[in-house]
Every structure is written in C-alpha cells, then in structure tokens.
Amino acid sequence: MEANIKSCGSSRLKKHHVCLRDKIPMRKEYLVYGSPLIGEEEVEEVVATIRSGWLGTGPKTQRFEADFAAFQGIEYCVAVSSCSAALHLAMLAAGVKRGDEVIVPALTFCATANAVVHSGATPIFADINGEDLTIDPEDVRRRITPRTRAILPVHIHGYPAKMEPLRSLADEHGLLLIGDAAHAIEAEYKGIKIGHLADITCFSFYVTKNLTTVEGGMLATSNQEWADKIKILALHGMSKDAWIRHSDEGYQHYQVADAGFKYNMTDIQASFGIHQLARIEKNLEWREQLWSRYDEKLTDLRLRRPPTPSADVRHARHIYAVQVTEQSPLSRDRLLGELHNRNIGSAVHYTALHLHPYYRRSFGYREGDLPVAEAYGNTTLSLPLSPKVSDEDVDDVVEALADCLRS
Ligand SMILES: *Cc1c(COP(=O)(O)O)cnc(C)c1O
C-alpha cells in the first residue's frame with residue numbers, strides 16, 4: 001500500500017483514493033515503464049574503465065564505434081552524448097542552415113524538430129500514414145518548396161519509414177535524407193540495415209531505448225568528409241582526434257577549426273554500449289516474444305493493436321502502443337490513470353508535435369493541420385516492453401487492461 005499512498009495526488013483526496021484503490025485488483029509492485037536491463041558485463045566493464053584511469057573519450061569509445069559500424073555494416077560511426085546531439089550535428093554536417101526547410105513527421109519526439117530549429121532552419125511537419133504510422137511520402141511531396149533542404153523520417157516505434165519512395169523524392173528534388181533511428185537500431189528495410197538507408201542516420205542510447213549507455217547517441221554515414229566534420233564539431237571544433245591530447249603520446253597542439261559543441265561520448269558510457277550491443281539481438285528476440293504475447297492476449301479487448309510489419313521490413317519492436325477506439329469505454333487519458341491505479345506504468349508516444357505551444361507560437365500550427373497524427377496522438381498508449389519485462393508482467397498488463405475496459 002505504501003506505493004499507492006505515495007502516488008496519490010493532494011492530501012485532501014488521499015483517503016478517498018486509497019479507499020477506491022483497495023477495491024481494485026492489482027500487482028504488488030509497480031511495473032515501471034521502460035526500465036533497462038543492465039548485465040554484469042556492463043558493471044564489470046564500467047569498473048574496469050574507472051580503474052583504467054581513462055574515463056573520457058578514448059579507446060572504449062573507439063571500440064564501441066567500430067562494433068556499431070560493424071553491426072550496421074557502414075563505414076563511419078561517431079559516438080556522441082545523445083541522439084539530440086547526433087541530429088543537430090547531422091544537420092550541420094549536411095549544411096542545413098538558416099532559411100532552409102526540413103520536413104519532419106508530426107508524430108515524433110520533440111528532439112527531431114528541435115535539431116532543425118538549432119541549425120537555424122524551419123521544421124515543416126508532414127502527416128503520417130494511418131497504417132504503419134511513419135511519415136507519409138505523398139504528404140512530404142506536397143510540402144516540398146524551393147527552400148526544402150532535407151527530409152527527416154523517423155522509424156517510429158521501431159517500424160522503418162518508407163525509405164524507397166522517400167529516396168526517390170529526395171533524389172528528384174535534390175534533397176538530403178537524414179534518418180532518426182532512435183527507436184530502430186535493429187530495423188531493416190528490404191533486407192538493408194537501417195543505418196544504410198539515409199545519408200546520415202542518428203541513434204539514441206537513452207535509458208529507455210533498445211540499447212542504453214545511460215545517455216548517448218551515434219551517427220552513421222558512408223560519407224567520410226561528413227564523418228570527419230561531425231567528429232570535429234562534437235568536440236569544440238578542435239582538430240581531428242584532439243581527445244588524444246592528454247594521452248601518454250605526450251601533449252599535442254590542436255587547432256580550432258570551427259565553433260563546435262561538447263557532444264562527445266565518454267568511455268564510461270561506451271562501457272555500457274559495448275555489452276548492450278553484444279546482447280541486442282537476444283533482447284530483440286525476447287521483445288518479439290512479448291509482442292506476440294500482447295498481440296494474442298489483446299485480441300478480444302476493445303483496443304487497436306500496433307501495425308503488423310509487412311514482409312519487407314524488420315521491425316525493431318521498440319514500443320508496443322495500443323489505441324483506444326470508438327468502442328473503448330474509456331478515453332486514453334482515463335485509461336492511463338486507471339492503469340497507474342493498478343500499478344502498471346504506461347506512456348504516450350506521442351501527442352502530435354505541432355500542437356505543443358512552441359511550434360504553434362513559432363510556426364502558426366493549429367489543430368486540424370495534421371489530422372492523422374493528431375488522431376493517433378490523442379488515442380495512443382504505450383505498454384511496458386523491455387528485456388526486463390516478463391511473461392507474467394505482460395499477463396498483469398493485459399489483466400489490468402481487461403479490467404479497465406470492462407468497468
Ligand atoms: C529518444 C528520442 C530522441 C532523442 O534521443 P536522446 O538520446 O534522448 O537525445 C530523438 N528522436 C526520437 C524519435 C526519440 O525517441
């Protein structure tokens with residue numbers, strides 16, 4: 001009961017809430033949404049790194065970059081402090097600047113559009129397609145203007161965006177294709193790894209993502225010139241491999257080539273990444289099993305389940321999101337609250353981004369501008385899915401949902 005009392009809102013309501021909750025069947029322990037699984041290998045590697053004395057960007061970061069490049073089968077990978085940093089650097093390396101427009105999906109995390117803003121350019125929101133929830137190439141086409149410089153698709157929830165039509169559009173109009181693969185490290189499109197499908201692809205290693213370094217990100221590209229530029233911009237704009245300046249090779253002078261940023265990854269973070277990457281396929285297999293279990297057990301509930309991947313894609317199974325429908329007796333927000341009352345954590349990925357105050361105020365977006373993303377954003381609810389989630393946890397979630405949708 002401790003947890004319930006603690007999670008109740010104002011003290012005036014406390015008694016009432018506890019009373020109500022006593023009648024609700026629920027799990028003993030709160031099921032936290034998006035908790036990572038950290039192995040002994042990570043713990044030992046972090047300790048070894050601390051003992052090595054080299055804590056900042058160094059040999060472990062280099063190893064993690066090489067391992068990740070091998071996994072994606074791409075020439076150049078640069079590890080950075082977050083995917084937000086990666087997206088910002090991708091914009092800068094690709095030459096996106098003030099006056100340019102970059103087309104982004106309305107269904108994404110704010111970091112996608114904010115990276116465009118930080119480069120000085122304007123984010124132009126495009127709608128998603130109702131089937132797989134990725135950016136709709138036809139809507140992208142309608143939003144291309146002489147100022148458009150890049151398209152920034154997001155492989156939402158782990159489902160690869162329609163990269164073939166997007167590539168055709170980009171080629172036709174001389175645009176760059178930058179991928180936000182924060183949800184989609186393991187994804188493939190027509191047998192090709194996701195890191196290969198855009199000019200630059202950005203990954204996130206935030207705590208809830210499919211691979212975590214606590215905080216961290218990666219850029220993948222086959223363009224060496226861009227990779228070099230990204231490396232320099234990620235460390236103050238100092239000349240290449242400036243991190244070596246404090247090594248046993250003796251002090252080395254560096255040149256400041258640009259006004260860069262402090263976006264480098266540390267060896268402590270890379271120590272997590274090396275072992276998280278080694279287990280990435282195993283973790284995906286487990287999430288695939290949980291996914292099927294949800295799919296099976298939710299069939300009879302008045303909810304829409306996530307899209308079934310088409311045969312030509314490999315889904316990275318990052319987020320299992322259901323939708324309330326006209327038949328559901330509760331609104332999405334009521335359902336969020338009721339699940340919480342039953343000790344089940346859930347989340348929303350995402351409310352349509354253009355409706356947040358900043359984008360309305362700065363770019364004049366209004367309700368109704370991007371109807372498919374808005375409708376989805378108002379009805380979606382993400383259920384716990386991570387290597388730490390067990391079959392029993394899924395059963396608890398399903399039972400709680402069934403209970404909520406009955407009442
Ligand atoms: C998490 C996320 C990001 C930002 O990643 P950070 O590593 O937290 O900066 C960007 N885009 C999407 C779609 C995300 O989910």
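Start by selecting Gln269 together with Ser81, Thr213, Glu215 and Gly216: Gln269 touches these four, leaving aside residues up to four places away in sequence. Keep in mind as you look around that this is a predicted model.

Stay on Gln269 and show its side chain. Pick the backbone oxygen of Glu215, and you'll find the Gln269 side chain reaching it at 2.4 Å. Now click on Thr266: its backbone nitrogen sits 2.8 Å from a polar atom of the Gln269 side chain.

Next, switch to cartoon and colour residues 267-278. That's helix α10, and Gln269 is part of it. Is Gln269 buried or exposed? Its relative accessibility is 13%, so Gln269 counts as buried, the cut-off for that being under 20%.

Time to zoom out and select the whole chain. In the cartoon you can trace 15 helices and 13 strands. The radius of gyration is 22 Å, close to the 22 Å that the globule rule gives for 407 residues, so the chain is as compact as a globular protein of that length. Turn it along its principal axes and the C-alpha trace spans about 70 × 55 × 45 Å.

Switch on the surface. The chain has about 18100 Å² of accessible surface, with 51% of that belonging to carbon and sulfur atoms. Buried residues make up 55% of the 407.

Last stop: colour by charge. There are 46 positive and 54 negative charges, and their mean positions are 6 Å apart. If you also draw contacts with a separation of 6 or more, 71% of them join residues 24 or more positions apart.

Key
Residues numbered from 1 in each chain as written. Predicted model: local features only at pLDDT ≥ 70, side-chain atom pairs only at ≥ 80, totals over all residues. Heavy atoms only, no water. Helix = DSSP H or I, 4+ residues; strand = E, 2+ residues; numbered from the N terminus. Rg over C-alpha atoms; globule rule 2.2 N^0.38 Å. Buried < 20%, exposed > 50% of the residue type's maximum accessible area, 1.4 Å probe, protein only. Contact = heavy atoms within 4.5 Å. Areas by Shrake-Rupley, 256 points an atom, 1.4 Å probe, with all protein chains shown as cover. Lys, Arg positive; Asp, Glu negative; His and termini not counted. Charge placed at Lys NZ, Arg CZ, Asp CG, Glu CD. Polar contact = N/O pair within 3.5 Å; in protein donor to acceptor, adjacent residues only side chain to side chain.
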